[in-house]
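Let's take a walk through this structure together, starting at the ligand and then moving out to the helices and the backbone.

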Amino acid sequence: MPIGSSETLFPALQLIPGGVNSRRAFRSVTTRRPGDAPSRGELIDFVGTWGPAIHGHNHPRIKAAIAAALEQGTSFGTPNPYEVEMAELIVKFFPSIQKVRMCNSGTEATMSAIRLARGFTRRDKIIKFAGCYHGHSDSLLIKAGSGALTHGNPDSAGVPASFAQETVVLPYNDRAALDAAFAANPGQIACVIIEAYCGNVGFIMPDAGYLAYLREITAKHGTVLIFDEVMTGFRIAKGGVQERERIVPDLTCLGKIIGGGLPVGAFGGRADIMDHLAPLGPVYQAGTLSGNPLAMAAGIASLRLLEELNPYAQLDRLGRQLRDTVLAACKAKGLPVQVPQCGSMFSIFFTATPVRDYATALTGDAKLFGRFFHACLAQGVYLAPSAYEAGFISTAHDGAALDRACTVLNAAIKEL
Ligand SMILES: Cc1ncc(COP(=O)(O)O)c(C=O)c1O
């Protein structure tokens with residue numbers, strides 16, 4: 001059964017809610033079925049399985065690493081050398097991480113980091129930002145971005161009000177709102193969790209000085225600052241956004257790229273906080289398959305490749321080429337557009353309003369994006385099927401692929 005084809009879709013629709021096991025539905029861009037994708041054999045993919053595929057699909061080095069690990073077995077239920085090698089790599093590239101714990105998804109990483117911050121501070125309230133998505137654990141599915149926003153339920157049903165009331169949601173890039181929240185909740189905020197560069201309400205970067213301000217105010221109030229770098233870790237730079245912005249959070253969440261395409265998550269940071277985790281401390285967290293040898297081996301291969309290739313300047317060049325192509329084409333057409341881009345991450349918002357938070361992201365013309373999405377897909381360029389998702393460039397996108405993609409984006413904009 002070809003991937004994403006009608007043959008796959010129809011049984012899926014009968015057996016799986018919406019035919020999907022995650023935020024993969026095309027519902028927000030149209031009712032056309034993925035099976036209608038062009039049978040051109042090759043799609044230039046800017047979704048990258050939602051982030052992990054920084055080396056494209058099926059990289060031989062990652063495949064070989066998984067095969068070698070598989071020789072020894074899929075899971076041992078005991079510590080294994082791959083976990084240690086992964087921990088060494090993470091601590092090497094993220095100086096803010098003194099100790100790290102593996103888990104199986106970004107959702108587990110953020111959920112565990114928040115429990116740890118609550119246990120460490122003995123406080124219950126948390127701050128998150130509207131439009132940021134930190135996985136689907138209850139206290140974070142409030143004004144959430146990504147699929148929750150794309151499918152129209154940023155405040156998911158099924159989250160008890162008692163949970164929601166412990167989550168303070170603030171606008172991104174708003175210092176006054178931060179000040180007011182800390183003033184209104186003196187000594188009660190356990191942690192602030194933020195996508196330092198937001199990738200789940202489309203790609204949004206912080207205003208100059210905003211992250212430094214966040215670092216300052218959280219330190220002043222004894223609040224744990226958590227950078228959710230599940231998407232940006234090893235993508236924006238080897239050391240993530242915190243390397244590029246020179247900000248040192250207390251805890252960091254990782255995922256996606258560190259699994260090389262297999263299920264993974266990790267959270268880490270200050271040793272004095274991490275030592276509150278069981279078995280050393282009172283905060284319980286565990287996972288049967290955490291530190292799974294196959295996921296670790298795939299992740300290690302993916303990170304070693306990044307070390308060798310050091311592709312960040314090249315990825316940024318390709319990202320700027322794509323951005324400039326869309327800006328020029330929209331200008332020629334008289335179409336308002338914003339194309340925030342940094343390195344291998346970008347978004348296309350059809351709006352005249354500079355996008356700097358959830359509210360301004362929603363000024364984007366999502367219907368127009370839907371038409372643009374399909375015009376590109378029909379020509380073999382696969383963007384995220386949502387106006388509120390970031391696009392990803394990988395080391396598998398060479399200059400020729402980007403040139404072809406830019407030709408398609410240009411033509412698609414002309415057609416709008
Ligand atoms: C920033 C961020 N945090 C957390 C998550 C949740 O990760 P997972 O889907 O692996 O549970 C995601 C997923 O896209 C994410 O982008």
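How far is an oxygen atom of the ligand from an N or O atom in the side chain of asparagine 200? The two sit 3.0 Å apart, which fits the definition of a polar contact (a pair of N or O atoms within 3.5 Å). Before going on, keep in mind that this is a predicted model, where local features need pLDDT of at least 70, side-chain atom pairs count only at pLDDT 80 or more, and totals for chains, interfaces and linings use all residues. Residues are numbered from 1 along each chain as its sequence is written, and side-chain values use heavy atoms, with hydrogens and water left out.

Back at the ligand, a polar side-chain atom of aspartate 228 lies 2.6 Å from a ligand nitrogen. Tyrosine 133 uses its backbone instead: an N or O atom there is 3.4 Å from a nitrogen of the ligand. Taken alone, the ligand exposes 380 Å², and the protein buries 86% of that (areas by the Shrake-Rupley method with a 1.4 Å probe).

Now look at how two helices pack; helices here are DSSP runs of H or I with at least four residues, and strands are E runs of at least two, numbered from the N terminus. The axes of helix 14 (residues 366–378) and helix 15 (residues 399–415) come within 9 Å and cross at roughly 135°; axes are lines fitted to C-alpha atoms over the stretch in contact, with angles from 0 to 180 degrees between N-to-C directions.

Finally, the backbone. Most residues other than glycine have a negative phi, and most peptide bonds are trans. Yet alanine 278 and proline 279 are joined by a cis peptide bond, with omega about 5°. Proline 279 lies in the loop between helix 10 (271–274) and helix 11 (293–309). Tryptophan 50 has a positive phi, near 65°.

Technical notes
Polar contact = N/O pair within 3.5 Å; in protein donor to acceptor, adjacent residues only side chain to side chain.
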